[in-house]
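Student: I would like a close look at one part of a model. Please start from a single residue and work outwards from it.

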Amino acid sequence: MNAAAGRDGTTPVDVVSQVARLLDTAQQNAIPVGTETPWPQLGLDEAYASQSALIARRHERGEHGVGLKLGFTSEAKMRQMGVDEVIVGQLTDGMQVPDGGTIDLASLIHPRVEPEVAFLIGTDIDLADPDVDLAAAITGVAAGLEIIDSRYDGFRFDLPRVVADNTSAAMFVLGPWHSPDEVDLDDVPVTLRSGDEVIAEGTTAAILGHPLRTLPRLVALGGRLGLRLPAGSVVLAGAATEAVALPPGPVSAEVAGLGTVRAVGVPDRARPLGEDGGR
Ligand code: OOG
Ligand code: MG
């Protein structure tokens, strides 16, 4: 860090890179940042700048952007986290777990799981293009699982903090793609399971009334931020239910008509579950 930059001399650029470094380090070490964050209240623009700086650090480590995610597109999520604005985060290949793959619980702080609807974007999209038609660019629809893991102690944050923390994005899993003409996303059941046990239930209507309604929101937000969606990008539309603490073992999300997507939470082998009461 710039030793000459004292508290008063700290420029917004310094703050943005400092926030990105702290949150990135918290994620890499699976050690949360205290709620008394060592930076002043961020504005939303600075928070998105911090998110970009955080993603730039991941790109420097060799990860590649694979899409965007929306957060707080359902009442259930907004109520659970006490916020009332849709936000956008960025996905990298380093966050993707193959369908049926394992999730190393020891690499996460206090993970939660969400059932999602995912869109595959078939053409290059510049979200700042005033004529952009994102719905027309969709070539696939899938059920998704998102693992979120706030880098803040106690999973507590305000809107700028969660934006800077890349909207708590940690991992995601995609089920098989379906052609958009073959699927009906209008008020269909969404079920989250741990093994055979249902741990959350909702419907696609919980996502802004219909998951496709998230697209204009993404264009508005992403356009302002200068974000792009190259052909082949994924968009996560946001959870249809509250997020649930990720249990060890098999977890799945089923969206009627899209099928089921699965992953398996694997506890820390060096610290078997039960030894300290688990996570
Ligand atoms: C932020 C992420 C929200 C969703 O689907 O609404 C999100 C959080 O709740 O920590 O991914
Ligand atoms: Mg989500």
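Is Glu146 buried or exposed, and what is its relative accessible area?

Tutor: Glu146 is buried, because its relative accessible area is 1%. (Buried means under 20% relative accessible area, exposed over 50% and partly exposed in between, with a 1.4 Å probe and protein chains only.) The model is predicted, so local features need pLDDT of at least 70 and side-chain atom pairs pLDDT 80 or more, while totals for chains, interfaces and linings use all residues. Residues are numbered from 1 along each chain as written, chains are lettered from A and ligands numbered from 1 in written order, and side-chain values use heavy atoms, without hydrogens and water.

Begin with the metal. Glu146 (OE) is one of the protein donors of the magnesium ion, ligand 2, together with Glu114 (OE) and Glu116 (OE). These donors lie 2.0 to 2.1 Å from the magnesium ion. (A donor is an N, O or S atom within 2.8 Å of the metal, or 3.2 Å for Na, K and Ca; water is not among the atoms, so sites may look incomplete.) Along the chain, the spacing of the donors of ligand 2 reads E-x1-E-x29-E. Glu114 counts as buried because its relative accessibility is 4%. Glu116 is buried as well, with a relative accessible area of 1%.

Glu146 has a charged partner too. Its side chain forms a salt bridge with that of Lys69, at 2.8 Å from N to O. (A salt bridge is a side-chain nitrogen of Lys or Arg within 4 Å of a carboxyl oxygen of Asp or Glu.) Because Glu146 lies in strand S7 (residues 138-148) and Lys69 in strand S1, this pair ties together parts that are 77 residues apart in sequence. (Strands, E and at least two residues, and helices, H or I and at least four, are DSSP runs numbered from the N terminus.) Lys69 counts as buried, because its relative accessibility is 2%.

From Lys69 the next step is its strand. S1 (residues 65-71) runs parallel to S12, and three bridges join the two strands. (Strands pair if DSSP finds at least two bridges between them.) Leu68 is the residue that stands opposite Val235 in S12. S12 also pairs with strand S5 (residues 112-121), this time in the antiparallel sense and over four bridges. There, Leu236 in S12 is the bridge partner of Ala118. S12 itself covers residues 233-236: Ser233 and Val235 point one way, while Val234 and Leu236 point the other way. All four of these residues of S12 are buried.

The salt bridge at Glu146 can be set beside others, for the count in this model comes to nine. Arg228 forms one with Asp126, where the closest N and O atoms are 3.7 Å apart. Here too distant parts of the chain are linked, with Arg228 in strand S11 (residues 228-229) and Asp126 in strand S6 (residues 125-126), 102 residues apart. Arg228 counts as exposed because its relative accessibility is 56%, and Asp126 counts as partly exposed at 27%.

Another salt bridge brings together the side chains of Glu254 and Arg193, at 2.9 Å from N to O. Since Glu254 lies in strand S14 (residues 249-255) and Arg193 in strand S9, the pair ties together parts 61 residues apart in sequence. Glu254 counts as partly exposed at 29% relative accessibility, and Arg193 counts as partly exposed at 24%. In addition, a network of salt bridges links Asp24, Arg57 and Arg61.

The strand that holds Arg193 can be followed a little further. S9 (residues 189-194) runs antiparallel to strand S10 (residues 197-203), and six bridges join them. Ser194 has Glu197 in S10 as its bridge partner. S9 and S10 form a hairpin with two residues between the strands, in which Gly195 takes a positive phi near 60°.

To return to the starting point, Glu146 is a buried residue that serves as a donor to the magnesium ion and meets Lys69 in a salt bridge.
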